[in-house]
Each structure stands twice: as structure tokens, then as C-alpha cells.
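Reader: Hey, I've got a protein model open and I'm a bit lost. Can you walk me through it?

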Amino acid sequence: MKPDLFVQCIANGSYNGPFFVTRFREALFHFSALYDMYDTLVPRENQWRLMLEKEMYGRAAMNVVACEGLERVERPETYKQWQARVSRAGFKQLPLNRELMAKFRDKIEAWYHKDFLFDEDSNWMLQGWKGRILYASTCWVPA
């Protein structure tokens, strides 16, 4: 493949390690931030929330905690690890549009909960909850 543009959006996590205790602790931090965000923003009886918690996050958490080797399919990495990997693969990261980021920041400050995190680092747009980065997005072009 030789894309003209590669848009990358990742679940930022460091619970990919081989050691169970470390993986469990990191997964606990990650998933507790997601569930805390839902507890704050979405009623518990909301069907969409129940589906997400059961089908997506519940399965992912179970896979990280209960599976080893080839059975474990959830292997998230941090955006910094992805930056190194994609750079080695021959891509160059594009800078974030400052004007667009300012618009996002203004809208988030006006409309979103105060604990929602929106930031940027090394040309990555970061989104999270209470200081924990949950998602990161960036764009790449072939070098």
C-alpha cells in the first residue's frame, strides 16, 4: 500500500506487557477512566452505554486480563510507541492545524464536562478523562 495520507486514531494504552500484574494495573487505570467518564456523563440505564460496556469494553478488559499468548488480541500501545513505529515504516507526521485545534479547544471548554481532556503533543491530538489520555489521533504522509 502507498497511501497519500494515513489518518491514525488509536486507543492509547500501555497494557500490552507480558507481565500480568503490570498489564492488569494499566488496564485497570485505562478502563476505570472510561467507566468513570460514562458514570459521569451517561445514565446507567442508557441502552447505548450498556451495549458499549458489555460488547466493547467488557470484552476488551476480559481479553487483556484473562488471556495469554495468541488468545490475547487486545494489545494497545501508547501514541509515542506508535509514533516511533510509523516513523520507522517510512512516514512523516503532519503538523496539527492550529486554527482547527483552537476551535476544538473553544468548543470543548464551552460544551464539554470540565474533566474531559483535550491536548496536543508531538503533533498528536489527545483526548482523555481526568488527566488520563484515552485516545490519540494524527496524520501521516509517506516520507
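Author: Sure, we'll go through the overall fold, a pocket, a helix, the cysteines and one more residue. Keep in mind that this is a predicted model.

Reader: Cool. How many helices and strands does the protein chain have?

Author: The protein chain has 4 helices and 5 strands. Reading from the N terminus, the order is β-α-α-α-β-α-β-β-β.

Reader: And what size of box do the C-alpha atoms fill?

Author: Roughly 45 × 40 × 25 Å, taken along the principal axes. The chain has 143 residues, and 33% of them count as buried.

Reader: Okay, pockets. What's the volume of the largest one?

Author: The largest pocket comes to about 210 Å³. It is lined by 13 residues, and those closest to its centre are L96, M125, S137, T138 and C139.

Reader: Which elements supply at least two residues of that lining?

Author: Strand 1 (6-11), helix 4 (98-111) and strand 5 (132-142) each do.

Reader: What classes of residue are in the lining?

Author: There are 10 nonpolar and 3 polar residues in the lining of the largest pocket, with no charged ones.

Reader: Back to helix 4. How far apart are its end C-alpha atoms?

Author: They are 20 Å apart, which agrees with the 20 Å that its 14 residues should span at 1.5 Å a residue.

Reader: What caps the N-terminal end of helix 4?

Author: That's N97: one of its side-chain oxygens lies 2.9 Å from the backbone nitrogen of E99.

Reader: New topic: how many disulfides are there?

Author: The count is 0. For C9, the nearest cysteine sulfur belongs to C139, 7.7 Å away.

Reader: Why is there no bond from C139 to C9?

Author: Because the sulfur of C139 is 7.7 Å from the one in C9, which is too far for a bond. The cut-off for a disulfide is a pair of cysteine sulfur atoms within 2.5 Å.

Reader: Is C9 buried or exposed?

Author: C9 counts as exposed, because its relative accessibility is 58%, and the cut-off for exposed is over 50%. C139 is partly exposed, with a relative accessible area of 27%.

Reader: Last one, D39. Where is it?

Author: D39 sits in helix 1 (residues 20-41). Its relative accessible area is 38%, so D39 is partly exposed.

Reader: And how far apart are D39 and R49 in space?

Author: Their C-alpha atoms are 9.6 Å apart, while in sequence D39 and R49 are 10 residues apart.

Methods. Residues numbered from 1 in each chain as written. Predicted model: local features only at pLDDT ≥ 70, side-chain atom pairs only at ≥ 80, totals over all residues. Heavy atoms only, no water. 1 Å grid on protein atoms, 1.4 Å probe; cavity = no way out; pocket = protein on both sides within 12 Å on 5 of 7 lines; lining within 4 Å. Points joined across faces, edges and corners; volume = space filled by probe spheres on them. Nonpolar A, V, L, I, M, F, W, Y, C, P; charged D, E, K, R; others polar. Expected span 1.5 Å × (residues − 1). Polar contact = N/O pair within 3.5 Å; in protein donor to acceptor, adjacent residues only side chain to side chain. Buried < 20%, exposed > 50% of the residue type's maximum accessible area, 1.4 Å probe, protein only.
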